Amino acid sequence: MDKQQIQHIRADFPILAEKIYNKDLIYFDNAATTQKPRCVVEKIEEGYYHLNANIHRGVHYLSQKATEAHEAARTIVAEFLHAGKREEIIFTRGTTEAINLVATSFGEAFCKKDDEVIVSVLEHHSNIVPWQMLCERKGLKLQVIPMNEHGELDIDTFKSLLNERTRIVSIAHVSNVLGTINPVKEIIRLAHEKNIPVLVDGAQAVPHIAVNVVELDADFYVFSGHKIYGPTGIGALYGKERWLNAIPPYQGGGEMIATVTFEKTTYNELPFKFEAGTPDYIGSTALAEAIRYVQNIGLENIANHEHELLTYCTQRLYEIDGMRIFGTATEKSSVISFLVGNIHPYDIGMLLDKLGIAVRTGHHCAQPLIDSLGIPGTVRASFAFYNTKEEIDVFIEALKRVVIMLS
Ligand code: PLP
């Protein structure tokens with residue numbers, strides 16, 4: 001994408017024109033959440049102003065329109081992930097809720113004492129804790145795939161961890177700390193050789209790379225709307241139909257039932273079996289709008305531009321003495337975690353903030369990974385398609401000043 005295209009895109013994001021402490025905002029915290037284009041915010045407004053009525057149950061005009069919009073959003077998410085069937089898409093509050101759903105419902109149906117679940121060392125807490133809770137509930141063991149010094153998973157150890165007690169593998173597509181793009185297709189193939197299903201946490205993947213769940217042969221694939229320019233509080237779970245039919249509902253309530261008597265309740269068909277209560281139909285339509293927006297720019301254009309930013313920033317960061325970058329995988333997305341000498345990451349983040357630059361510091365909800373690196377945390381800069389090389393230049397000069405002040 002050329003400069004003019006980026007400027008055109010930036011104009012769609014009003015927040016990018018904000019001043020922070022009288023400085024131009026430089027927003028490099030996109031792995032935590034992305035900013036929203038005007039069309040997404042307008043979709044939310046349009047929903048509440050013109051389309052608001054509870055869905056599925058109403059015979060009246062507004063209810064039918066809202067239902068159509070929600071179900072059309074499901075189709076858009078299904079097409080975006082290249083799912084075989086739209087019924088395989090369950091709306092959730094986000095990645096975290098989707099993983100909890102699978103850990104609870106799959107765990108209920110298929111796991112027993114002494115079984116094993118495999119995750120990796122680079123997981124976000126939301127792909128560790130729900131499995132730990134299952135382990136505690138039912139007496140399972142959590143197995144962990146280690147990584148090498150570049151932040152790439154050790155596939156040989158993964159193979160040796162797969163055994164007849166393994167019930168499920170749950171793995172990030174892209175690490176939110178190191179940026180590593182994991183070889184999920186190979187991981188899935190190896191697990192499937194032993195008939196073990198795989199959940200892929202796509203929270204950091206879908207905003208950057210095209211995902212085809214059928215080609216990957218993923219059993220479950222989850223993501224959050226807010227990380228792909230959509231609203232907070234909405235996300236999706238893709239599950240193969242046979243798995244979604246085989247596991248019990250996650251929550252009980254309205255909409256997920258077929259019939260209810262005090263003696264017995266029967267459950268609704270997919271996808272409604274997993275969507276108890278009033279769904280976030282405004283959120284789903286706004287998420288669909290965000291996906292449309294991303295598709296209009298094109299994921300290939302996005303990946304190319306972000307790769308340029310990643311390469312340029314990495315190169316410029318090494319101008320700074322004592323620079324240590326964590327995560328140097330060959331396949332890497334636009335996330336850079338670093339430390340400078342012995343300076344605490346929090347101090348760097350605090351001073352950058354005063355210069356209008358938003359980066360994240362700390363353990364990034366991946367404490368076991370940070371512990372394994374033997375560091376207190378990192379400073380993390382993460383880029384989106386609206387970021388520019390000029391912003392990186394300002395960031396590098398600011399960082400140089402900050403480092404001098406803190407050294
Ligand atoms: N998984 C990964 C890899 C993430 O980066 C995040 C959020 O940072 C999550 C899961 C959790 O996402 P959410 O808080 O939107 O549920």
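Two strands are taken to pair if DSSP finds at least two bridges between them. In this predicted model, strand β4 and strand β10 (residues 235-239) satisfy that criterion in the antiparallel sense, with four bridges between them. Within this pairing, Ile 90 stands opposite Leu 237 in β10.

The two strands belong to an open sheet of seven strands, arranged in the order β4-β10-β9-β8-β7-β5-β6 with mixed pairing. The edges are occupied by β4 (89-92) and β6 (141-145); each has a single partner strand, so one side of each is left without a neighbour in the sheet. On average, neighbouring strands are turned by 20 degrees against each other, direction ignored. Helix α3 (residues 61-81) packs on this sheet and touches β4, β9 (220-224) and β10. The direction of α3 makes about 115 degrees with that of β4.

A second open sheet consists of four strands in the order β13-β14-β17-β16, and here the pairing is antiparallel. Its edges are formed by β13 (323-326) and β16 (360-362), each of which has a single partner strand, so that one side of each is left without a neighbour in the sheet. The twist from one strand to the next averages 30 degrees. Four bridges join β13 to strand β14 (residues 335-340) in the antiparallel sense. Met 323 has Val 340 in β14 as its bridge partner.

Helix packing was examined for α2 (residues 38-50) and α10 (residues 281-297), whose axes come within 9 Å and cross at roughly 150 degrees. Since angles over 145 degrees count as roughly antiparallel, α2 and α10 are therefore roughly antiparallel to each other. The crossing in which α2 passes α10 is right-handed. On the α2 side, the contact is made by Cys 39, Val 40, Lys 43, Ile 44, Gly 47 and Tyr 48. Helix α10 contributes Ile 282, Thr 285, Ala 286, Glu 289, Ala 290 and Tyr 293. Eight of the residues in this contact are nonpolar, two are polar and two are charged.

The loop between α2 and α3 contains Arg 57. Residues up to four places away in sequence not being counted, Arg 57 touches Ser 63, Glu 255, Gly 277 and Thr 278. The C-alpha atom of Arg 57 is separated by 59 Å from that of Val 403, a residue 346 residues apart from Arg 57 along the chain.

Definitions and conventions:
Residues are numbered from 1 along each chain as its sequence is written. This is a predicted model: local features need pLDDT of at least 70, side-chain atom pairs count only at pLDDT 80 or more; totals for chains, interfaces and linings use all residues. Side-chain values use heavy atoms; hydrogens and water are left out. Axes are lines fitted to C-alpha atoms, for helices over the stretch in contact, and angles run from 0 to 180 degrees between N-to-C directions. Angles under 35 degrees count as roughly parallel, over 145 as roughly antiparallel, 65 to 115 as roughly perpendicular and the rest as oblique. A crossing is left-handed if the near helix is turned anticlockwise from the far one by less than a right angle, and right-handed if clockwise. Contact means heavy atoms within 4.5 Å. Ala, Val, Leu, Ile, Met, Phe, Trp, Tyr, Cys and Pro count as nonpolar, Asp, Glu, Lys and Arg as charged, and the others, Gly among them, as polar.
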